[in-house]
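Good morning, colleagues. I would like to take a few minutes to present one structure and its ligand site.

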Amino acid sequence: MNRRGFVKAGISAGTAGLLSSLLMGRNLETARAESLSVPARPAGGVIRLNANENPLGIAPSARKAILDGIGEVNRYPFAAAGKFQKQLAEHHGVDEECITLGCGSAEILQIVTQAYATRGALILMADPTFESLVDYARPFPARLQKVPLRSDHSHDIPKMRDLADKHPGPVLVYICNPNNPTGTITDCPEIEEWIKAAPADVTFFIDEAYYQFVKDPRYFSFVDRAAKTDNVIVAHTFSKVYAMAGMRQGYSISTPKITSRLADYATGNAVNHLAVVAASASLRDTDFLKESLAANGVSRNILLGTLGWLKIEHLPTEANFVMFRLKGGIVEFNKRMADENILVGRPFPPMEDHCRITLGLESEMDTFCAKLRDFREKGWV
Ligand SMILES: Cc1ncc(COP(=O)(O)O)c(C=O)c1O
């Protein structure tokens with residue numbers, strides 16, 4: 001199923017119950033707790049808006065799958081992993097041989113880096129973007145070059161293309177779309193045009209960790225292309241829209257030829273049974289997907305409303321987080337919010353005059369926005 005089909009999947013009974021609760025005037029959190037009997041979060045404690053996690057908690061279907069699966073954890077996960085690989089392939093309409101499972105998409109990022117950071121190779125990535133490749137590439141002989149985002153915070157495709165054209169050896173181009181930490185997207189046709197024109201030794205690694213959140217109709221996933229051409233690899237994760245960050249399940253899509261190249265760098269044993277069964281249940285759970293996106297939309301509106309009201313400049317978001325401009329630096333703002341038991345994003349150089357805030361629960365956004373208004377009165381934002 002492609003992204004649009006995935007997002008448009010129908011409203012079933014669970015979601016209908018949730019929506020009728022919402023229509024009766026309950027907020028999303030209360031409605032969810034009532035309709036699914038799953039606590040939204042433990043009472044009290046800090047509000048964690050710092051790691052782009054999904055605050056809803058995992059899907060009830062995933063919770064059930066974990067409990068049902070515990071009796072199997074004395075066995076190796078090969079059978080469940082194989083079934084899940086098949087399910088993912090069917091979901092995306094690609095061959096099973098196109099799927100590589102990873103312990104989170106972090107493992108996929110590591111595998112791809114190791115496979116491509118060869119002597120004489122160049123790794124191109126945006127600045128700022130998700131930084132893991134920098135760490136994963138460190139022990140390897142490839143050269144890594146960062147290319148500043150354009151003024152609209154999209155990847156500077158012409159600049160990256162120029163650098164790739166001038167490099168005499170193989171090139172790995174990492175494109176995080178939507179981009180973390182900015183939440184912005186890069187024009188997909190522009191990327192596609194480069195992919196079509198690029199020589200065989202330029203490989204595009206497209207990290208779509210947040211693709212389900214995108215609303216811009218011009219956006220599309222590169223899964224179809226990754227399954228067909230040897231120069232594209234796409235990474236996906238269950239940590240974000242499916243709220244499974246603590247479970248660690250990611251995967252990539254690439255041609256069978258590239259998949260077998262990646263296999264040389266994977267343990268093959270990094271998947272765990274409970275993560276696989278939870279991810280498998282989540283993937284079938286279109287109600288949860290809708291709910292996750294709806295909750296994200298409600299929280300986004302609360303935050304954008306407050307940022308607009310306070311006239312705080314912010315980037316257009318296509319993900320589950322928003323980057324907004326600060327009056328001072330992020331280190332001080334981060335500490336001030338931490339003093340209020342609210343964790344916000346860390347510094348993301350060179351954008352140290354911005355804060356990245358994850359969209360939490362509705363009540364959490366209300367609390368955060370109230371604090372922002374307080375900070376305004378104190379002259380801090
Ligand atoms: C863009 C991007 N890619 C990959 C990851 C790694 O996610 P995980 O290893 O949880 O799948 C993250 C985590 O925040 C991310 O933001």
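I shall speak about the ligand, then the pocket, then the cavities, and finally some backbone features.

Please bear in mind throughout that this is a predicted model.

Let me begin with the ligand. Its surroundings consist of 13 residues. The closest of these are Ser 105, Asp 207, Thr 237, Ser 239 and Arg 248. By class, this shell comprises 5 nonpolar, 5 polar and 3 charged residues. Which element contributes the largest share of the shell around the ligand? That element is helix α6, spanning residues 104-116, with 3 residues.

Turning to individual polar pairs, I would point to three side chains. In Tyr 210, a side-chain N or O atom is found 2.7 Å from an oxygen atom of the ligand. For Asn 180, the corresponding distance between a side-chain N or O atom and a ligand oxygen is 2.8 Å. Lys 240 likewise places a polar side-chain atom 2.8 Å from an oxygen atom of the ligand. As for accessible area, the ligand taken alone exposes 400 Å², and the protein buries 91% of this.

Next, the pocket. Where does the ligand sit? It occupies the second largest pocket of the model. The volume of the second largest pocket is about 440 Å³. Its lining numbers 25 residues, and those nearest the centre are Ala 51, Phe 130, Asn 180, Tyr 210 and Lys 240. Three of these names have already come up: Asn 180, Tyr 210 and Lys 240 each have a side-chain atom paired with a ligand oxygen.

What is the composition of that lining? The residues divide into 11 nonpolar, 7 polar and 7 charged. In terms of secondary structure, α6 and strand β5, residues 171-176, each supply at least two lining residues. The largest share of the lining comes from α6, with 3 residues. Helix α6 therefore deserves a second look on the display, as it also gives the largest share of the ligand shell.I now move to the enclosed spaces. There are 3 cavities of 30 Å³ or more in the structure. The largest cavity holds about 80 Å³ of space. Its lining includes Glu 53, Asn 54, Pro 55 and Leu 56, together with Phe 213, Ser 292, Ala 295 and Asn 296. Also in that lining are Ser 299, Asn 320, Leu 359 and Gly 360. By class, the lining of the largest cavity has 5 nonpolar, 6 polar and 1 charged residues.

Finally, the backbone. Two peptide bonds merit mention. The bond from Asn 177 to Pro 178 is cis, with omega near 0°. Pro 178 is placed in the loop between β5 and α9, the latter covering residues 188-197. Pro 349 and Pro 350 are also joined by a cis peptide bond, with omega about 5°. The loop that holds Pro 350 runs between β10 (342-344) and β11 (354-358).

Which backbone angle is positive at His 153? The angle is phi, near 65°, in a residue other than glycine. His 153 belongs to the loop between β4 (143-148) and α8 (157-166). Arg 248 has a positive phi as well, near 70°. The loop containing Arg 248 lies between β7 (232-237) and β8 (250-253). Arg 248 is also among the closest residues to the ligand.

Thank you for your attention.

Terms used:
Residues are numbered from 1 along each chain as its sequence is written. Side-chain values use heavy atoms; hydrogens and water are left out. A residue is near a molecule or strand if one of its heavy atoms lies within 4 Å of it. A polar contact is a pair of N or O atoms within 3.5 Å; within protein, one must be able to donate a hydrogen and the other to accept it, and residues adjacent in sequence count only if both atoms are side-chain atoms. Accessible areas come from the Shrake-Rupley method with a 1.4 Å probe; for residues, only the protein chains shown count as cover. On a 1 Å grid over the protein atoms alone, a cavity is a set of points where a 1.4 Å probe fits but cannot get out, and a pocket is an open set with protein on both sides within 12 Å along at least five of seven lines; lining residues have an atom within 4 Å of a point. A molecule sits in a cavity or pocket if more than half of its atoms lie within 2 Å of its grid points. Helices (H or I, at least four residues) and strands (E, at least two) are DSSP runs, numbered from the N terminus. Ala, Val, Leu, Ile, Met, Phe, Trp, Tyr, Cys and Pro count as nonpolar, Asp, Glu, Lys and Arg as charged, and the others, Gly among them, as polar. Grid points are joined across faces, edges and corners, and a volume is the space filled by probe spheres set on the points.
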